[in-house]
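Biologist: Please show me the model, and then we can go through it by question and answer.

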Amino acid sequence: MDIKNFVDEVKIYVKAGDGGNGCVSFRREKYVPFGGPDGGNGGKGGDVYIEASKEFNTLTHLALNPHIKAERGEHGKGSNKYGKNAKDVLIYVPCGTVVKDIKGDIIADMLNHGERILIAKGGNGGRGNAMFKSSTNRAPDFAEKGEKGEEKTICLSLRVIADIGLVGFPNAGKSTLLSRITKATPKIADYPFTTLNPNIGICMYKGKTLIVADIPGLIEGASEGKGLGHEFLKHISRTKLLIHLVDPMGYYDITPEKSIKIIDKELKKYSEEVYSKTKILAITKSDITGSEEVYKKIKSKFKKNKVFLISSVTGKGINEMLDYVISAIGKIKSDYHKPAEENNLIKVDRGFEIVKKEGIFFVYGLEIEKMVNKTDINNETAMKRLFNIFKKIGLIKQLLKKGIKEGDSVVIGGTEFVWKNEF
Ligand SMILES: Nc1nc2c(ncn2[C@@H]2O[C@H](COP(=O)(O)OP(=O)(O)OP(=O)(O)O)[C@@H](O)[C@H]2O)c(=O)[nH]1
Ligand SMILES: [Mg+2]
C-alpha cells in the first residue's frame, strides 16, 4: 500500500539570498593623483515567495526538494558599478496549504489561486565606499557587506478545499458517486480501502460549481489512527457539507444503522467542528434489492438528518440530492474564502533587547542585527562607524547599565565582540 505519493505535510528550509558586498575602490586616472571613491553598491539577494497554485494538488515536489535557496546579490564593483540583484524564487503550493513556523504558529493560509506571501526576504546589498563620501571624509576606505538573507524552517500542511466531503465506510460507493457527478476518474473496486488518497472532482450542476472530495473509507477507531481515513480526516475540516454514504448491505457484520453511528462517533472524536458540519445521509446502491427497506428504516431512525436513496449506477435520486445540497450550501455561512491574514513576516523592530546568559551579553533586535551583519568587522573604519551607531541608539549605555566589564563578550546577530572600556 503506497500512501506516500500523496504528500500533505512537509517541512522545508528556505534561505533568501544574501546581499552583495559593497565595493571599496578609488578612481585611477592618468594625471589625476587622488581619484575619488568609486566603489559601487552590492546587489540585493533574491527573495523567497510562496504562491498558491491550482496546478498543484500535493506537496510532493517539495518533499523531494526540501532545501530552497535564492542566489546572493552580485558584489559591487569599481567605477561606481552596482552589483546585479539576484532573481527571486517562487515556491508553488496547492490552494489550501497552511504555512506554519517551526513552533506550529500559522504564518499564512494559502486559500486562493495566485495568493502570494514573502517567506524569506533577501538581504539588501551593502553600500560601496562611494556612498560614504562626505565633507569630513573625502576618501572613505570602507564599504558595507551585503545583508544576510532571511532563513527559516517552515512546515507546510495541506488541507483539501472542497465544498462537499464524501465520507463513509469502505466500499460504500464514494468513489463511484464522485465519478458519476464529476469528471474525476477515481479507482473503483469491490474491495474495501480502494481509495488511498483523497480524490477531488468538480461537479457542474445547474450553473453551479461544486468541488467534491472523496475521502478514503473510515472505520471504527479512525480518529485514533485506525485504517487509512485518519490521515485524511483533517481534509474534511475545510468542507462545507458532508455526504455520508451508507451501503444498504452494511460492512461485513456491521449493519447500515450501526455504521452511521460509528462514523458519527469518529467524526465527533476527531473534532466538534467537523461533527457539527451539515451532514446528509445517502443510502447508496438503490438498484440492489433490499435498499428501499434500509432507506425507510434509516429515515425513520435518523430524523435529524436529511436522507436520500441514490444509485450511482442508474443515477436515481442523485439530482434530487444535488438540488438539496446546493440550497443547503447556500445557507451555510463559511469562512472558507476568508482572505489570508495580512502577512506579518517583515517585522520592523528598531529596538533591541539585551539578555545576559552565562556571562555573555546577547543583543537581539532586527535592525541592530542587520547592521552588524552588514559591517565588515575586519575594517577599522567600518567598526568605528558601527560603534558610533551603537552609541547613538543607546546600546553602549544599556550595556554599561547591565554591568558590562572589560573582556566580557557581546553577541549580536551571530558576531561576537569583546568589550573594551576604551575604543
Ligand atoms: N450496484 C451498485 N453498485 C455500486 C454502486 N455504487 C458503487 N457500487 C459498487 O460498490 C463497490 C465499491 O465502490 P467504491 O466507489 O469503490 O466504494 P468506496 O466507498 O470508494 O470504497 P473505498 O475507496 O474502499 O473506501 C464497487 O464494486 C462499485 O462498483 C451503485 O450505485 N450500485
Ligand atoms: Mg473509494
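Modeller: Residues are numbered from 1 along each chain as its sequence is written, and chains are lettered from A and ligands numbered from 1 in the order in which they are written. This is a predicted model, in which local features need pLDDT of at least 70, side-chain atom pairs count only at pLDDT 80 or more, and totals for chains, interfaces and linings use all residues.

Biologist: In which strand is the place of Lys208?

Modeller: Helices (H or I, at least four residues) and strands (E, at least two) are DSSP runs, numbered from the N terminus. By that numbering, the place of Lys208 is in strand β11.

Biologist: Is Lys208 buried, exposed or partly exposed?

Modeller: A residue is buried if 20 or more other C-beta atoms lie within 10 Å of its own, exposed if 12 or fewer, and partly exposed in between, with C-beta atoms placed from the backbone. Lys208 has 13 other C-beta atoms within 10 Å, so Lys208 is partly exposed.

Biologist: What distance separates the C-alpha atoms of Lys208 and Lys357?

Modeller: Along the chain, Lys208 and Lys357 are 149 residues apart. In space, their C-alpha atoms are separated by 62 Å.

Biologist: Into which domains is the protein divided?

Modeller: Domain bounds come from an automatic or database domain assignment. That assignment gives domain 1 (9-158), domain 2 (164-331) and domain 3 (353-418).

Biologist: How far apart do the C-alpha centres of domain 2 and domain 3 lie?

Modeller: This distance is taken between the C-alpha centres of the two domains. For domain 2 and domain 3 the value is 62 Å.

Biologist: Over how many bridges do β10 and β11 pair?

Modeller: Two strands pair if DSSP finds at least two bridges between them. β10 and β11 run in the antiparallel sense, and Ile202 stands opposite Ile211 in β11. The number of bridges is seven.

Biologist: Which residue in the hairpin of β10 and β11 takes a positive phi?

Modeller: The hairpin has two residues between the strands. The residue in question is not a glycine, and its phi is about 45°. With 8 other C-beta atoms within 10 Å, this residue is exposed. Its name is Lys206.

Biologist: Where is the place of Ser79, which also has a positive phi?

Modeller: Ser79 is not a glycine, yet its phi is about 55°. Ser79 counts as exposed because it has 12 C-beta neighbours inside 10 Å. Its place is in the loop between β3 (67-69) and β4 (89-94).

Biologist: Is Asp38 buried or exposed?

Modeller: Asp38 lies in the loop between β1 and β2 (48-53). Two residues are in contact if their C-beta atoms, placed from the backbone, lie within 7 Å. Leaving aside neighbours within four places in sequence, the contacts of Asp38 include Ser79 and Ala130. Asp38 has 21 C-beta neighbours inside 10 Å, so it counts as buried.

Biologist: Which residue in β8 is the bridge partner of Tyr13?

Modeller: Strand β1 (residues 9-15) and strand β8 (residues 151-158) run antiparallel and are joined by seven bridges. β1 is also joined to β3, by three bridges in parallel, and there Tyr13 stands opposite His67. In β8, the partner of Tyr13 is Thr153.

Biologist: Which residues touch the most other members of the largest nonpolar core?

Modeller: A nonpolar core is a set of buried Ala, Val, Leu, Ile, Met, Phe, Trp, Tyr and Cys residues joined through C-beta atoms within 7 Å. The largest has 69 residues, and those that touch the most other members are Leu166 and Val212.

Biologist: Which strand gives this core its largest share?

Modeller: The core draws at least three residues from each of domain 1 (9-158) and domain 2 (164-331). The largest share is five residues, and it comes from β12.

Biologist: Which helix gives the largest share of the shell around ligand 1?

Modeller: A residue is near a molecule or strand if its C-beta atom, placed from the backbone, lies within 6 Å of it. Of the 24 residues around ligand 1, those that come nearest include Gly173, Ser175 and Asp190. The largest share is three residues, from helix α2 (residues 174-181).

Biologist: How many of the eight residues of α2 are buried?

Modeller: Among the buried residues are Lys174, Ser175 and Leu178. The buried residues of α2 pack against several elements, including β9 (164-168) and α7 (318-331). α2 is mostly covered, and the number buried is six.
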